[in-house]
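User: Please take a close look at one helix-to-helix packing in this model and set out, in one connected account, which residues make the contact and what surrounds them.

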Amino acid sequence: MQLPSTPLEEAPLEPRGHAGPPLWPRERWRSACAAPRPTFSLLILFLSGLSPPVPHPPFFLFPPASLFSQAASGLAMAALQGELAEAVAGARLLVVGAGGIGCELLKDLVLTGFVSIDVIDLDTIDVSNLNRQFLFQKKHVGRSKAQVAKESVLRFRPEANITAYHDSVMNPDYNVEFFRQFTLVMNALDNRAARNHVNRMCLAADVPLIESGTAGYLGQVTVIKKGVTECYECHPKPTQKTFPGCTIRNTPSEPIHCIVWAKYLFNQLFGEEDADQEVSPDRADPEAAWEPAEAEARARASNEDGGIKRISTKEWAKSTGYDPVKLFTKLFKDDIRYLLTMDKLWRKRKPPMPLDWNEIQNQENNTSDQQNEPSLGLKDQQVLDVKSYARLFSKSVETLRAQLTEKGDGAELTWDKDDPPALDFVTAAANLRMHIFSMNMKSRFDIKSMAGNIIPAIATTNAVIAGLIVLEGLKILMGKIEQCRAIFLNKQPNPRKKLLVPCALDPPNPNCYVCASKPEVTVKLNVHKVTVLTLQDKIVKEKFNMVAPDVQIEDGKGTILISSEEGETEANNHRKLSDFGIRNGTRLQADDFLQDYTLLINVLHSEELEKDVEFEVVGDDVVGPKPSEQPAKNITNGSDDGAQPSTSTAQDEDDDVLIVETEEGPPSNADNVENKSRKRKLDDKEQAGSKRVRSETPAEEQDDVIAID
């Protein structure tokens with residue numbers, strides 16, 4: 001049955017007094033019901049929130065939610081007849097994540113007819129979730145997302161059997177046997193570590209996985225099946241962009257540099273100190289080849305002016321009682337004056353301008369032109385003046401000091417983008433530093449986005465992607481995995497005027513170090529410098545995403561280098577690899593019994609690695625467009641910053657992330673998705689000689705919504 005051609009938004013709705021979901025025009029409902037069987041498109045409309053008109057006035061004007069959900073469930077079962085309906089009713093699903101995508105997905109699943117669902121999520125509900133995660137309400141703030149999602153979804157379908165786990169999917173309790181219970185696993189995650197782990201567990205259990213992600217208006221759904229399609233790790237993803245320490249501490253040129261510095265400063269003052277997150281000027285900066293004697297005299301003069309001895313930032317702050325004015329003077333005056341002694345740094349850069357607390361406080365309130373303008377937009381989206389940020393810095397320091405005191409001696413605070421005092425501190429400190437280095441300051445909203453690596457979440461994108469996950473799941477249940485597609489949701493229509501672009505799934509990468517029959521990888525490192533601890537934490541765990549690894553040397557003796565048993569090989573941690581006879585050509589076997597995963601690591605000794613590079617994975621080329629060269633910066637630091645809120649897909653950050661990842665934001669992602677879409681949807685002429693197998697339906701005849709027969 002073909003649906004009427006009139007767009008829904010142009011169709012007349014029922015009387016305005018209707019208090020329930022939008023009504024589908026009566027004539028359309030009648031024609032749809034007259035068909036031999038409801039179409040799947042009808043189901044899609046129901047899941048989109050459109051209900052049929054009810055002839056009786058009481059229900060028509062005030063239809064209860066239960067009536068809508070029951071009607072939608074009945075429609076779903078009518079649309080899914082025969083073997084598919086039985087498969088849906090008998091399937092057991094695991095949904096990993098109950099956030100933006102997860103809420104929409106759980107609702108779609110129960111309305112489609114699935115009745116046996118397990119959902120797992122470690123997070124609790126935050127007030128910032130409420131604008132898009134519709135299963136949660138204000139009264140739920142602070143509670144488990146998985147548990148509340150279960151309670152809310154049961155209102156749609158009370159007879160469903162939903163099990164909620166408030167836990168991390170990486171917990172050893174959720175082993176391969178746990179994953180084997182499920183017919184399908186559906187990911188609605190927000191970090192790469194968990195995605196990697198679920199990918200490996202599904203491969204080990206041989207259970208189909210539907211992976212998904214969104215980033216603003218962009219989205220993607222893809223299917224992963226062992227031996228049939230490439231896995232999530234078949235191609236390396238870009239690592240989170242990092243910045244040299246000397247850039248952060250001495251010569252920031254972009255707002256993100258100042259924001260990273262401010263987050264480091266928070267940890268140095270109130271959190272756990274990390275030597276790699278030092279915020280004081282870097283005297284070892286190789287670019288600062290200044291005259292030592294003259295610089296020392298200037299630094300001594302600077303210290304005398306501020307009455308400061310250069311000791312640990314945290315110790316000094318404690319000794320002052322976290323006095324906001326003294327902190328301000330050290331960070332934004334004395335340290336900046338010290339930087340100015342490094343003459344060579346400022347030969348081709350505009351030198352920073354130290355700030356004086358008293359001078360700022362004596363400024364007239366109308367010194368900033370923008371302060372005289374009418375306030376436009378939300379408060380968080382306004383950029384304040386330097387005086388206001390100085391006051392905000394002082395106020396936030398006092399609040400954080402009180403929090404630290406309340407926790408007692410030895411207590412530490414953890415930076416959280418949703419903690420107002422912590423965000424105020426980073427916003428103020430970052431903007432003051434931007435002003436010092438002649439950059440355009442940013443609003444609190446932008447700072448939060450960049451500091452928290454947040455991709456602005458759009459509820460509609462999550463809803464579309466959740467619907468597509470269900471469609472791909474139904475194909476798998478019908479035994480038609482060959483019809484599954486990787487589907488991209490673009491921000492702009494492609495040349496064929498499509499927002500949804502399906503692409504054929506790629507076969508497994510034979511060189512993948514996860515899903516290959518015998519995973520193997522070569523790592524270039526200096527065996528005389530790399531320690532066992534570095535091998536464990538940075539290579540085996542961080543790079544190769546193992547959770548509880550055991551590593552042994554293939555030397556004929558089975559020498560155990562790293563054990564997953566706590567304390568068993570701790571004495572090895574600070575010894576160099578060469579101490580164990582590891583040299584060029586040595587083979588290491590790394591096992592993770594939780595993931596049922598074994599990886600052979602070939603050691604390639606090298607003494608010619610770049611500075612600050614501890615190891616390289618040979619052949620580990622990131623898929624996707626190469627980063628374009630940075631535009632030349634002129635002498636004014638930050639005059640060409642052009643910074644936008646960061647959309648890095650860093651681990652452990654909020655919201656749903658596009659899994660075709662490029663770390664520096666939606667434009668890159670959009671280009672990547674669009675380019676990939678164009679490559680895979682070319683005209684017949686352009687596809688001559690192409691190795692990619694086209695789907696049976698010509699591209700011209702494909703619709704944006706993939707229908708299921």
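Analyst: In this predicted model, the face that helix 17 turns to helix 18 is made of Val386, Tyr389, Ala390, Leu392, Phe393, Ser396, Val397, Thr399, Leu400 and Gln403, and on the other side these residues meet Pro421, Ala422, Asp424, Phe425, Thr427, Ala428, Ala429, Asn431, Leu432 and His435 of helix 18. Sorted by class, the contact of helix 17 with helix 18 contains 13 nonpolar, 6 polar and 1 charged residues. Helix 17 covers residues 386-407 and helix 18 covers residues 420-436, and the two pack at an angle of about 145° with their axes 8 Å apart. The crossing of helix 17 and helix 18 is left-handed.

The spacing of the contact residues can be read against a general property of the fold element: an α-helix has 3.6 residues a turn, so residues three or four places apart point the same way.

Turning to helix 17 by itself, its 22 residues should span 32 Å at 1.5 Å a residue, and the end C-alpha atoms are 32 Å apart, which agrees. The buried residues of helix 17 are Val386, Lys387, Tyr389, Ala390, Leu392, Phe393, Ser394, Ser396, Val397, Leu400 and Leu404. Their cover includes helix 18 together with helix 11 (255-270), helix 14 (324-340) and helix 15 (357-361). Just after helix 17 comes Gly408, which takes a positive phi of about 100°.

Helix 18 also has a contact with helix 14, in which Phe328, Phe332 and Ile336 of helix 14 meet Ala429, Leu432, Arg433 and Ile436 of helix 18. By class, this contact of helix 14 with helix 18 has 6 nonpolar, no polar and 1 charged residues. Ala429 and Leu432 of helix 18 belong to this contact with helix 14 and also to the contact with helix 17. The axes of helix 14 and helix 18 come within 12 Å and cross at roughly 20°, which makes helix 14 roughly parallel to helix 18. In this pair the crossing is right-handed, while that of helix 17 and helix 18 is left-handed.

Beyond helix 18 the chain enters a loop that leads to helix 19 (444-451), and Ser438 lies in that loop. The phi of Ser438 is near 60°, a positive value in a residue other than glycine. Most residues other than glycine have a negative phi. Ser438 has 19% relative accessibility and therefore counts as buried, the cut-off being under 20%. A positive phi in a residue other than glycine is also found at Asp596, where the value is near 55°, and Asp596 sits in the loop between strand 12 (587-592) and strand 13 (597-605).

Strand 13 holds Tyr597, which at 6% relative accessibility counts as buried. Leaving aside neighbours within four places in sequence, Tyr597 is in contact with Arg200, Tyr513, Val514, Pro519, Phe544, Met546, Ala590, Asp591 and Asp592. One of these partners, Pro519, is 78 residues away along the chain, yet its C-alpha atom and that of Tyr597 are separated by 8.8 Å. A further pairing across the sequence is that of Ala215 and Ala457, 242 residues apart along the chain, whose C-alpha atoms are separated by 6.7 Å. Ala215 is found in strand 5 (residues 209-215) and is buried, with a relative accessible area of 2%.

For comparison with the packing of helix 17 on helix 18, helix 6 (residues 100-112) offers another case, since 13 of its 13 residues are buried and it is therefore largely enclosed by the rest of the structure. The axes of helix 6 and helix 20 (residues 459-477) come within 8 Å and cross at roughly 45°, which makes helix 6 oblique to helix 20. Helix 6 passes helix 20 in a right-handed crossing. In this contact Gly100, Ile101, Glu104, Leu105, Asp108, Leu109 and Thr112 of helix 6 meet Ala459, Asn462, Ala463, Ile465, Ala466, Gly467, Ile469, Val470 and Leu474 of helix 20, and these residues divide into 10 nonpolar, 4 polar and 2 charged. Helix 6 is followed by Gly113, whose phi is positive, near 120°.

As for the setting of these packings, the protein chain has 22 helices and 14 strands, and 51% of its 709 residues count as buried.

Key:
Residues are numbered from 1 along each chain as its sequence is written. This is a predicted model: local features need pLDDT of at least 70, side-chain atom pairs count only at pLDDT 80 or more; totals for chains, interfaces and linings use all residues. Side-chain values use heavy atoms; hydrogens and water are left out. Axes are lines fitted to C-alpha atoms, for helices over the stretch in contact, and angles run from 0 to 180 degrees between N-to-C directions. Helices (H or I, at least four residues) and strands (E, at least two) are DSSP runs, numbered from the N terminus. A crossing is left-handed if the near helix is turned anticlockwise from the far one by less than a right angle, and right-handed if clockwise. Contact means heavy atoms within 4.5 Å. Ala, Val, Leu, Ile, Met, Phe, Trp, Tyr, Cys and Pro count as nonpolar, Asp, Glu, Lys and Arg as charged, and the others, Gly among them, as polar. Buried means under 20% relative accessible area, exposed over 50%, partly exposed in between (1.4 Å probe, protein chains only). Angles under 35 degrees count as roughly parallel, over 145 as roughly antiparallel, 65 to 115 as roughly perpendicular and the rest as oblique. The expected span of a helix is 1.5 Å times one less than its number of residues.
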